[in-house]
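Subject: Structure for your files

Hello,

Here is the structure I promised to send over. My notes on it come after the entry.

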Amino acid sequence: MTTVIETDQFGGLLRDHRRRSGMTQQQMADLATLSVRAIRDLESGRARRPRQETVRLLADVLRLTGASRDAFHDAGRSHLPSEGPGAAGPETCSPPVLHGTTVGREHELQFLVELLTVDRQRLVSVVGLGGVGKTRLVSETAGALRDGHGWEVLWVPAAGLSPDLRELRRLEPAVTGAGGGRGQDVLLVLDGLGQRAEGPLVHHLLARAPGLRVVLTSPTPSCMTGEQVMPIAPLAVPGHRLDHDAAALAEFPAVRLFLSHLRRLRPYAPRPAATPAVAELCRALDGVPGALESTAAWGLVHAPEELLHCLARDPERFSAPPASWGPACDSGSGAVRRSLAVLQQPLRERLSTLTALPGSWTLEEAAPLAGTSLADAAATVYGLLIHGLVRTADEDGRDRFRVLHRVRSALADRPAALPEGHGIPAEYAAAAKPVCAVA
């Protein structure tokens, strides 16, 4: 269910331009990398004010120029009536369309659904490094709650919201009216909260609407009272002992995700000899889904061995997919530096100390190096896991941890490197070098 606002100039203008161009809603959605539902909601006026980036994409698809393009942008900006300075409300929209399948998040999806339904948690922060898949997980959850439980979903891109979230006041009728105020379940998603937000207005909405749940996605917790933090870790990656067991490698979520993207571009299984290169790529990229996807996008022109060699020479080479794929989430060094920037200085200093430990390590190994007790070491690692800068190491069934490769590089202020001691296998180098030299 979506709150209906006035059918306005923008929706009619979009529909008229689309029809004159001869495009269907599906064709426009595909070209603009939007969902059909988003196009339908914009044309009917069911969606609130579109993002300016969405307006720009649609204008590009329609090939609007000059006065026609200016009028289109003006209509987009005037979609909601003004109520004075600072009164513009948040832009609610449909959850983002998901391309491809969600891999390796079955347990997280089930847990988040149960957290909101069975446990009836009112305020949940889904946190993790940029590109780790927070938005995808919450979008899957929103779809499951809407389609399977009949919930109303309000999705708000959080970019541009004030720290006090005062813009959410415009949503109060939607969450306390005929729906949430009588106990109907409503999910409000604030996606991409890039700053520590204040909570009074959120708590006001929660108090007014017994059926309301609020989910935030952010690199770090918001620290609101009553917040349940759910950290999202990178996908599991295989150890080196499995490199020549293609069947075993294919069971690891990071490898499955990389291959699923690769096969959409090159619809055949990679050569058996390339399987260790795929595993090494997954390790070098820390199992971060956004990094795996953007690197796999270049698989149309580079074999896995060549991708690995290019990554060793220039770790940011594949931090974004080809331009024709459209805008992408920053899962490279920029995402790491933003997470490092909000770390308290003592935690950052301990993180720098932990980079001296090669490979994976236990709490017992970390404590002496950091000059702390075992309890303090545990608290340090807990904080770093919440910020997504350290991950659990999927090795030997023990509680081991690992600093992400790009985090090590950012702290050293140098380009990221492949895992120490695990460079490019010699048999790959000869074939790969000439190709990457001209890439």
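The notes below go from the whole chain to one helix pair and then to the nonpolar cores.

Please keep in mind that this is a predicted model. The protein has 20 helices and 7 strands. Of its 439 residues, 51% count as buried. Among contacts with a separation of 6 or more, 75% are between residues 24 or more positions apart.

The helix pair is α1 (residues 9–21) and α4 (residues 52–62), whose axes come within 10 Å and cross at roughly 25°. Angles under 35 degrees count as roughly parallel, and α1 and α4 are therefore roughly parallel to each other. The crossing of α1 past α4 is left-handed. On the α1 side, the residues in contact are Phe 10, Leu 14, His 17, Arg 18 and Ser 21; they meet Val 55, Leu 58 and Leu 62 of α4. Sorted by class, this contact holds 5 nonpolar, 2 polar and 1 charged residues.

As for the cores, the largest nonpolar one has 48 residues. The members that touch the most others in it are Phe 258, Cys 282, Leu 351, Trp 361, Leu 384 and Leu 389. Leaving aside residues up to four places away in sequence, Leu 389 touches Leu 129, Ser 339, Leu 340, Leu 343, Leu 351, Leu 384, Val 403, Leu 404 and Val 407. There is also a second, separate core of 24 residues, with Leu 188, Leu 193, Ala 197 and Leu 206 among them.

Regards

Conventions. Residues numbered from 1 in each chain as written. Predicted model: local features only at pLDDT ≥ 70, side-chain atom pairs only at ≥ 80, totals over all residues. Heavy atoms only, no water. Axes fitted to C-alpha atoms, helices over the stretch in contact; angles between N-to-C directions. Helix = DSSP H or I, 4+ residues; strand = E, 2+ residues; numbered from the N terminus. Parallel < 35°, antiparallel > 145°, perpendicular 65-115°, else oblique. Left-handed = near helix turned anticlockwise from the far one by under 90°. Contact = heavy atoms within 4.5 Å. Nonpolar A, V, L, I, M, F, W, Y, C, P; charged D, E, K, R; others polar. Core = buried A, V, L, I, M, F, W, Y, C linked by side-chain atoms within 4.5 Å. Buried < 20%, exposed > 50% of the residue type's maximum accessible area, 1.4 Å probe, protein only.
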